[in-house]
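Let's work through this structure together, asking at each step what lies behind a label. Have a look first, then follow the reasoning below.

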Amino acid sequence: MTFSAGVAKPLRAFGEFFTVTGQTLALMPRRPFAWREYLSQSWFVARVSLLPTLLLAIPFTVLAVFTFNLLLVEFGAADYSGAGAADGTVTQIGPIVTVLVVSGAGATAMCADLGARTIREELDALRVMGINPIQSLVVPRVLAATTVAVLLSSLVILVGIVGGFFFSVYFQNVSPGSFVNSMTIITGIGKVVVAWIKAALFGMAAGLIACYKGISVGGGPAGVGNAVNETVVYTFVTLFAINIIASAVSVSAIGAGV
Amino acid sequence: MSAATVIAARYPRITRTVRGWVGEGVRIGEQTQFYGQTIAAIGDALFRYKTETLRLIAQMGLGTGALALIGGSTAVVGFLTMMTGALVAVQGYNLLASTSTEALTGFASAFFNVRLISPLTAAIALAATIGAGATAQLGAMRINEEIDALEVMGIRSIAYLASTRVIAGVIVVIPLYCVAMLMSFTAARFGTTFIYDQSTGVYDHYFNTFLIPTDLIWSFFQAFAMAVVIMLVHTYYGYTATGGPAGVGEAVGRAVRTSLVVSALVILFVSLAIYGRGGNFNMSG
């Protein structure tokens, strides 16, 4: 009995999550689309994510560029540090920092907001008034997270490459011209497009998990806290899994190197 | 009417900006004070609240609530580092193969996993599991006025709640980081030798040649440093949560944001301090 209850609970949560996902996807093209909510949520996610993005992108790339340059200097190939910086930033650091920011900043804020509304029974009130909370609240949030994730990933790549440039040129004495020249050797438009696709997938998954956790909150302040905690953990786990699969697919589709 | 009120009424905008700055300064000061008190009370927590510390160690290792169902923080840390270790195989092997040097994937695993990937991934996983859990617990206690009740009963709340969690976090991080390193090495090796069909002898040769034991020890030191920082940040945000149920959620979000940034910076500066410009690395062995 206890065993079956222990197994049934996570399975039920899993099923509910897919129900919410299915409803959200089905309601996306349905009118009326909640434009106002979409715009205000996009602005909200962008606002909470912008500063963490900048602050995370710089240490991540600097650390990667530093480690990679040590290796290149040892090989006597420091001129290629731009190639390493561009490839690392576009293919891995860009998407991963976007993941961290979208789930750590955007999804947590979204889940806390929806969770508080659920606790205050605002969602039930909406249902009573004949408004579907999935259409009016979840759909715009998921789309907002997707949009902002794509925009953020571009920002991360830009900030990362600029940070890597300054670190390589001023601290590790790479010549600026060869850094810029070598940037495009192994990184082309294909990889940038893959980075955008990854970011869109991340944003959508993070938005769905955050909204599901938010609308299924129960049990007062501790419940909201735990829901946000679970959102962070589940989004990280999901997004790292998506990242490895997307990387493997993109590597076999467009190749990894020269 | 004092001079200050007159000035405030005459220049409302400037006053607001200055008040904002002063508020920021006060907040930073309060945070620093909290961190100082927490660290100073660590001795107290070890002597007086031994049972609580032990209970927290057990809880952090295995997780509570829904997290325990998927295996707690150990499983999450293991899973995330497994994913990033596999990235070394996917990205590293293919990149090296494009210059026909795929034999060096073992080297890439030994070098990048130890210095770069595992510390960053472990920091992320720690902040998400142990850290965010601590914020959620402390925040709920603060909202339910349990922390005030502790103070009234004469229990030193910072020592009992924050310092014990810092100690527990630092102790738990050591086995967790062992899991993280093992998972990232295993995943990179499995991906390279099993999926991309490299011979295990080649992989192991380059892996063992370039795995520097002192780097591993420094990597553990990084894990230790980031555990302290993450636990301090997360206990602060939980301890000072305000604003009802929504406030707890917001506190968790804010704590995750702050601790990700701070732990990335800590790892960066610790690596720069350890490896320096020379890099403590010789290709010749």
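Q: How do you know that helix 6 and helix 9 of chain B pack against each other?
A: This is a predicted model, and in it the axes of helix 6 (residues 72-97) and helix 9 (residues 157-195) of chain B come within 7 Å and cross at roughly 35 degrees. Those are the two quantities by which packed helices are described: the angle between the axes and the distance between them.

Q: Is the crossing of helix 6 and helix 9 of chain B right-handed or left-handed, and what makes up the contact?
A: Helix 6 of chain B passes helix 9 of chain B in a right-handed crossing. The residues of their contact divide into 15 nonpolar, 10 polar and no charged.

Q: Why is E145(B) called exposed?
A: A residue is exposed if 12 or fewer other C-beta atoms lie within 10 Å of its own. E145(B) has 10 such neighbours, so it counts as exposed. It sits in the loop between helix 7 and helix 8 (146-152) of chain B.

Q: And what makes D197(B) exposed?
A: D197(B) has 7 C-beta neighbours inside 10 Å, and therefore it counts as exposed. Its place is the loop between helix 9 and helix 10 (200-210) of chain B.

Q: What makes the phi values of E145(B) and D197(B) worth a remark?
A: Most residues other than glycine have a negative phi. Phi of E145(B), which is not a glycine, is positive, near 60 degrees. D197(B) is not a glycine either, and its phi is positive at about 60 degrees.

Q: What makes up the largest nonpolar core, and where does I124(B) fit in?
A: The core has 169 residues, and I124(B) is among those with the most contacts inside it, along with C211(A), A123(B), L126(B) and A128(B). Helix 7 (residues 105-143) of chain B gives the largest share, 24 residues. Beyond its neighbours within four places in sequence, I124(B) is in contact with L100(A), F236(A), L80(B) and L260(B).

Q: Which parts of chain A touch chain B, and how many residues take part?
A: The contact takes 48 residues from chain A and 52 residues from chain B. On the chain A side, helix 2 (35-75), helix 3 (81-119) and helix 8 (220-254) each supply at least two residues. Helix 8 of chain A provides the largest share, 19 residues. By class, this side of chain A has 33 nonpolar, 12 polar and three charged residues.

Definitions and conventions: Residues are numbered from 1 along each chain as its sequence is written. Chains are lettered from A and ligands numbered from 1 in the order in which they are written. This is a predicted model: local features need pLDDT of at least 70, side-chain atom pairs count only at pLDDT 80 or more; totals for chains, interfaces and linings use all residues. Axes are lines fitted to C-alpha atoms, for helices over the stretch in contact, and angles run from 0 to 180 degrees between N-to-C directions. Helices (H or I, at least four residues) and strands (E, at least two) are DSSP runs, numbered from the N terminus. A crossing is left-handed if the near helix is turned anticlockwise from the far one by less than a right angle, and right-handed if clockwise. Ala, Val, Leu, Ile, Met, Phe, Trp, Tyr, Cys and Pro count as nonpolar, Asp, Glu, Lys and Arg as charged, and the others, Gly among them, as polar. Two residues are in contact if their C-beta atoms, placed from the backbone, lie within 7 Å. A nonpolar core is a set of buried Ala, Val, Leu, Ile, Met, Phe, Trp, Tyr and Cys residues joined through C-beta atoms within 7 Å. A residue is buried if 20 or more other C-beta atoms lie within 10 Å of its own, exposed if 12 or fewer, and partly exposed in between; C-beta atoms are placed from the backbone.
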